[in-house]
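Please open the model in your viewer and keep the sequence panel beside it. The stops below follow one another as selections, each with a note on what to look for.

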Amino acid sequence: MALITCQDLCLGYNGQEILHDLNFEVNSGDYLCIVGENGSGKSTLMRTILGLQRPFAGQILTGDGLRLDEIGYLPQQTPVQKDFPASVWEVVLSGFEGGCGWRPFYTKAEKQRAEENILAMGIKALRGRCYRELSGGQQQRVLLARALCATSKLLFLDEPVSGLDPKVTAEMYELIEKLNREHGITVIMISHDIGAALRYASHILHIGDRVFFGTNAAYRESGIGTFFTKGGEAQ
Amino acid sequence: MTAILEKLTLYWQYPFVRYALAVGVLISLCSSLLGVTLVLKRFSFIGDGLSHVAFGAMAIASVLHLTNDMPLVLLITILSAIALLCTGQNAKIKGDAAVAMISVGALAIGYLLMNLFTPSGNLSGDVCSTLFGSTSILTLTKTEVRLCTVLSVLVVAAFVFFYHKVFAVTFDESFAAATGVKTKVYNFIIAVIIAVIIVLAMNLVGSLLISALIIFPALSAMRVFKSFFSVTVCSAILSVFCSLLGILISILAGTPVGSTIVAADIVMFFVFSAFGAIFGGVHA
């Protein structure tokens, strides 16, 4: 059974429907890129799958023992975080909070896993540093380590490379690919970067006026992505 | 110097001075704990708004001639805090506008009620002392001190228990909600704690200066310290220190208690700012 199955999903915000009858599924080990123009509903789709808002119609099913709150999530930065006094260690550890229930403190095992995730993201040296003083790429690694604390199955990344320079962007993509290939973590990524999507993703979900869902190869053949790949000569 | 010590020893013999110091320490400790969260969540004005609501509630209590106005004030303030925080994104009137409405409305109604129904001739004196903190901290009864102690212990215990949850919800509410943290429940709990703290603090500094008591220690600590834990601990210590200092100075110099404490907070803010600017903060 698929990890996540979306059936006849209709969604939007402020009572306005922007996507309807969306069907797709994500299997364990997939690397799905969600692409589409601004305002096509990428972020709304993500918020709906994460349970932050309700779909208008249709349903989201989970399988393979995945609970909806077991999705690791890499959100875009919020203004609050720009002046938040928090050490890297505190931020990473907070990824476990969802699994804590009413338990007030973190367990030894959780702290141990947090250390491992910090090591895996290559930010061991930053452990005691203040989060707001890090560079954009370093902050993304910290948030990725936090997301790994919340899940060992599925990562949801919301434009993980926005605002990063090309070198750091490439490193970030490699890190995500490594998590997908070596750690077996399923990845769903929202991206504007169609080039990267075609390079790394196993499946593509294109939303907008025309909707496409299928494998990377099928997407290349379909020609829907030409607007992006040819540099936007349409219109 | 000996004259000052002699004066302090003399005052120490009076129970009301000891009560004032005890209550002062407790209230400043409680109010500093959630300061960081409030500043970062842009809830600073909720503190201000709620203190005005508490003022309105006190006016109602005095019109009803209640001898013990604490329960009524507490109830009304908690209800307002919940109303403000739980309307959330679906409210027609949002965030700052809702806070401003409740705050100004409660202030006006409170003053109106006092004006219409209070027989005492010294109306502006009454209003002034409610707003700026009266000598009431020096006239605390044993029951009030006990109630204040119990509530403070509860607030501190709740904060320690929910410390990691408060951090998660404040740092990144979307992530917390997406990964299964009951953000609504914790926001609700935070609202209740804030309301309790504000009602407590009204006795000390009055409703207008509550925001200062909540926000200054947190802002000062954030100039120097870089982790949530160290900022929280530092602002708690700083807040208690400033309150003690303020109360002692006000006893010795005969200045109003609330304003003296806030003045001490402001001085410490500049000291910490200077320290942070020179040393670039402590990496702890």
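Begin by selecting helix α4 of chain A in this predicted model, where 12 of the 15 residues are buried, so that the helix is largely enclosed by the rest of the structure. Colouring the buried positions will pick out the run from A:Gln139 through A:Gln140, A:Arg141, A:Val142, A:Leu143, A:Leu144, A:Ala145, A:Arg146, A:Ala147, A:Leu148 and A:Cys149 to A:Ala150. To see what these buried residues of α4(A) pack against, add to the selection β5 (71–74), α2 (88–93), α3 (108–120), β6 (154–158) and α5 (166–181) of chain A. While α4(A), residues 136–150, is still on screen, its length can be checked: because a helix is expected to span 1.5 Å a residue, its 15 residues should cover 21 Å, and the C-alpha atoms at its ends are indeed 21 Å apart.

Next, move to helix α1 of chain A, residues 42–49, which is likewise largely enclosed by the rest of the structure, because 6 of its 8 residues are buried. Those to highlight are A:Lys42, A:Leu45, A:Met46, A:Arg47, A:Thr48 and A:Ile49. Among the elements that cover the buried residues of α1(A) are the strands β1 (4–13), β2 (16–26), β3 (31–35) and β4 (57–62), together with β6 and β7 (186–190), of chain A. Then step past the end of α1(A) to A:Gly51, which follows the helix and has a positive phi, near 80°.

Now display both chains and select the contact between them, to which chain B gives 25 residues and chain A gives 27 residues. On the side of chain B that touches chain A, α9 (163–171), α10 (173–178) and α13 (228–253) each supply at least two residues. Coloured by class, that side of chain B shows 15 nonpolar, 6 polar and 4 charged residues.

Stay with α13(B) for the last stop, and add helix α14 of chain B, residues 257–279: the two axes come within 8 Å and cross at roughly 130°. At that angle α13(B) is oblique to α14(B), and the crossing is right-handed. For the contact itself, select B:Leu238, B:Cys242, B:Ser243, B:Leu245, B:Gly246, B:Ile247, B:Ile249 and B:Ser250 on α13(B), and on α14(B) select B:Val257, B:Thr260, B:Ile261, B:Ala264, B:Asp265 and B:Met268. How do the residues of this contact divide by class? The contact of α13(B) with α14(B) has 9 nonpolar, 4 polar and 1 charged.

Definitions and conventions. Residues are numbered from 1 along each chain as its sequence is written. Chains are lettered from A and ligands numbered from 1 in the order in which they are written. This is a predicted model: local features need pLDDT of at least 70, side-chain atom pairs count only at pLDDT 80 or more; totals for chains, interfaces and linings use all residues. Helices (H or I, at least four residues) and strands (E, at least two) are DSSP runs, numbered from the N terminus. The expected span of a helix is 1.5 Å times one less than its number of residues. A residue is buried if 20 or more other C-beta atoms lie within 10 Å of its own, exposed if 12 or fewer, and partly exposed in between; C-beta atoms are placed from the backbone. Two residues are in contact if their C-beta atoms, placed from the backbone, lie within 7 Å. Ala, Val, Leu, Ile, Met, Phe, Trp, Tyr, Cys and Pro count as nonpolar, Asp, Glu, Lys and Arg as charged, and the others, Gly among them, as polar. Axes are lines fitted to C-alpha atoms, for helices over the stretch in contact, and angles run from 0 to 180 degrees between N-to-C directions. Angles under 35 degrees count as roughly parallel, over 145 as roughly antiparallel, 65 to 115 as roughly perpendicular and the rest as oblique. A crossing is left-handed if the near helix is turned anticlockwise from the far one by less than a right angle, and right-handed if clockwise.
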